[in-house]
Amino acid sequence: MLVLGIESSCDETGIALYDSAAGLLSHALHSQVAMHAEYGGVVPELASRDHIRRVVPLLRDALARAGRTLADVDAVAYTRGPGLAGALLVGCAFAEALALALDKPTMPVHHLEGHLLSPLLSADPPEFPFIALLVSGGHTQLMRVTGVGEYELLGETLDDAAGEAFDKSAKLLGLPYPGGALLSKLAESGDPGRYELPRPMLHSGDLNFSFSGLKTAVLTLVREQGETLTEQFRADAARAFQEAIVEVLVKKSMKAMKQTGLRRLVVAGGVGANRQLRSTLDAEAKRRRLRVHYPELEFCTDNGAMIALAGALRLAAGSPLKPAGAFAVQPRWPLEFAQRSC
């Protein structure tokens, strides 16, 4: 079965073709980072309009790369939520209209499920069951994954997500949008012993997270420096911030592994590309004789490939296809509810 995947939840437009027998055939992606950088963050209305401009050219690109036509498509999967309402509506309306014109069924997909399953696209895919650490700009969660559509929430952030904390702290340090990746790169040249920042909820006794206080600690450091922030201060502060957030993510993940007795950890979402997080997790997993799986770097951020994959796996697991035409998006959509309603 050939599944067309469409992702438009925020500021990336992604299109992909996934064949249930041959795997991923092609994917095309456009990022709006340059457009939103002028405003210091994502502007929802501009994001929606840009998705409209990009979706048809990207579809043509993906079809050409795969050597397929629309007549070859068996089903259309698209991101139903969570995300920006207007952006979701673009992808949803396009997917439903296209499927209706082709007389093909549709498969609404949860955005986080796409991230959670994205490591299955790698050369070394994980086997079920596993623990999933979802770390992105909007979400930080630990999930127990028994199979496709079988997810149990173990812990989540009570305020800022990890990626959100990265971006906000980067802005405090005077880094341009999007600052998370720039902060990580800057941290590599920082002195690891210069500053000590708090590890929020590290000893809370549960698997929840909180990063708002860590961001406030960075703000306090910046205010103590005064108006002039030297490059070395930025690097040292970035290093302290990153070490704090990585320690919390790693220790909570290891605690989840110990509590469940599972031996495989999957890391997905944009922050999953962070080099220090990966190296620290790898070292800790090796010490405990565990396995850690990551998506390929190109699939860490939002993309159509993960949506096409999730749609195909949903179909293989017996999820019912939906006749094209009637649709709705869900900007707020807990994953534990989605597994019962997709």
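**Close-up views of a predicted model**

**View 1. Strands β1 and β2 within the five-stranded sheet.** Strand β1 (residues 2–7) and strand β2 (residues 12–19) run antiparallel and are joined by six bridges; strands and helices are DSSP runs (E, at least two residues; H or I, at least four), numbered from the N terminus. Ile 6 has Ile 15 of β2 as its bridge partner. The sheet is open, with the order β3-β2-β1-β4-β5 and mixed pairing, two strands being paired if DSSP finds at least two bridges between them. Because β3 and β5 (106–110) each have a single partner strand, one side of each lacks a neighbour in the sheet. This is a predicted model, in which local features need pLDDT of at least 70 and side-chain atom pairs count only at pLDDT 80 or more, while totals for chains, interfaces and linings use all residues. Residues are numbered from 1 along each chain as its sequence is written, and side-chain values use heavy atoms, without hydrogens and water.

**View 2. Surroundings of Gln 32.** Gln 32 lies in the loop between β3 (23–31) and α1 (33–37). At 1% relative accessibility, Gln 32 counts as buried (under 20% relative accessible area, 1.4 Å probe, protein chains only). Its contacts (heavy atoms within 4.5 Å) include Cys 10, Asp 11 and His 51, not counting residues up to four places away in sequence.

**View 3. The largest nonpolar core.** This core has 50 residues, a nonpolar core being a set of buried Ala, Val, Leu, Ile, Met, Phe, Trp, Tyr and Cys residues joined through side-chain atoms within 4.5 Å. Helix α8 (231–260) supplies the largest share, 15 residues. Phe 241 touches residues including Phe 166, Leu 197 and Val 218, not counting residues up to four places away in sequence.
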